[in-house]
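Me: I have a model open and want to go through the ligand site and the backbone oddities. Can we start with the backbone?

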Amino acid sequence: MKNLTEEDRKFILESIRNIPDFPKPGIQFKDISTLLNNPEAMKRLMDHLGERYRDYGIDYVAGIESRGFIFGSILADRLSCGFVPIRKKGKLPYTTIAQKYSLEYGFDEVEIHIDAFGSEESCKEGRRSRVLLIDDLIATGGTAAAAAKLIERAGAECVECCFILELGFLEGRKGIDSPIYSVIEL
Ligand code: AMP
């Protein structure tokens, strides 16, 4: 596996812009648009993830709306596998499975197409599809935990959850049963 050097990690981290107090006071928002428009940082990141997951036997990369779609699509192309979108409620047009999760106040919900990893029959008969879940950042972990549950409920196996950034002090990984890999922990 092509390991990232400390210099690579620093280079990728420095390509991500920090916006204080967005979208509300006290939040340090990690703006990955400055990573996306930095081809050298993207190349180091995606080369690393492509190498890491090359031998995992991944059938699908599932990305969480919306920034997970960008990294997930590029990675799916590198791994020559399918890409599956996990979306906010009400966006997917076909029959869906939904999973609620708690926010600071109230709840939110993510959805996946019921046949995202093959039909119900093929899931019952064959082996479970091996799915890599990806998002840009894990904070409290609520979104990723709900997404990982959806993958399992859709009949597949969530092999690992991958994040570019992890806000470690929020301990979001504690609520997730699958293995977790973060490129950069803050
Ligand atoms: P959580 O469910 O608390 O782990 O939140 C994760 C989701 O919210 C991810 O899709 C992130 O893109 C987004 N998010 C949460 N906190 C931040 C932050 N500080 N900067 C950028 N995105 C964030």
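**Backbone first, then the ligand**

Reply: Ser 80 counts as exposed, because its relative accessibility is 68% and the cut-off for exposed is over 50%. Keep in mind that this is a predicted model.

Me: Where is Ser 80 placed?

Reply: Ser 80 is in the loop between helix 4 and strand 4 (82-88). Its phi is near 50°, a positive value in a residue other than glycine.

Me: And Glu 171, what is its phi?

Reply: Glu 171 is not a glycine either, yet has a positive phi of about 55°. It lies in the loop between strand 8 (157-166) and strand 9 (180-185). At 44% relative accessibility, Glu 171 counts as partly exposed.

Me: Which peptide bond before a proline is cis?

Reply: The one from Phe 22 to Pro 23, with omega near 0°. Pro 23 is in the loop between strand 1 (17-20) and strand 2. The bond from Glu 65 to Ser 66 is also cis, with omega near -10°. Most peptide bonds are trans.

Me: OK, ligand now. Where does the ligand sit?

Reply: In the largest pocket. Strand 2 (28-31), strand 7 (130-138) and helix 6 (142-153) each give two or more residues to the shell around the ligand. Strand 7 has the largest share, four residues.

Me: Which polar side-chain atom lies 2.7 Å from a ligand oxygen?

Reply: One of Asp 136. A backbone N or O atom of Gly 141 is also 2.7 Å from an oxygen atom of the ligand, and a backbone N or O atom of Lys 30 is 2.9 Å from a ligand nitrogen.

Me: How much of the ligand does the protein bury?

Reply: 81% of the 490 Å² that the ligand exposes when taken alone.

Key: Residues are numbered from 1 along each chain as its sequence is written. This is a predicted model: local features need pLDDT of at least 70, side-chain atom pairs count only at pLDDT 80 or more; totals for chains, interfaces and linings use all residues. Side-chain values use heavy atoms; hydrogens and water are left out. A polar contact is a pair of N or O atoms within 3.5 Å; within protein, one must be able to donate a hydrogen and the other to accept it, and residues adjacent in sequence count only if both atoms are side-chain atoms. Accessible areas come from the Shrake-Rupley method with a 1.4 Å probe; for residues, only the protein chains shown count as cover. On a 1 Å grid over the protein atoms alone, a cavity is a set of points where a 1.4 Å probe fits but cannot get out, and a pocket is an open set with protein on both sides within 12 Å along at least five of seven lines; lining residues have an atom within 4 Å of a point. A molecule sits in a cavity or pocket if more than half of its atoms lie within 2 Å of its grid points. Buried means under 20% relative accessible area, exposed over 50%, partly exposed in between (1.4 Å probe, protein chains only).
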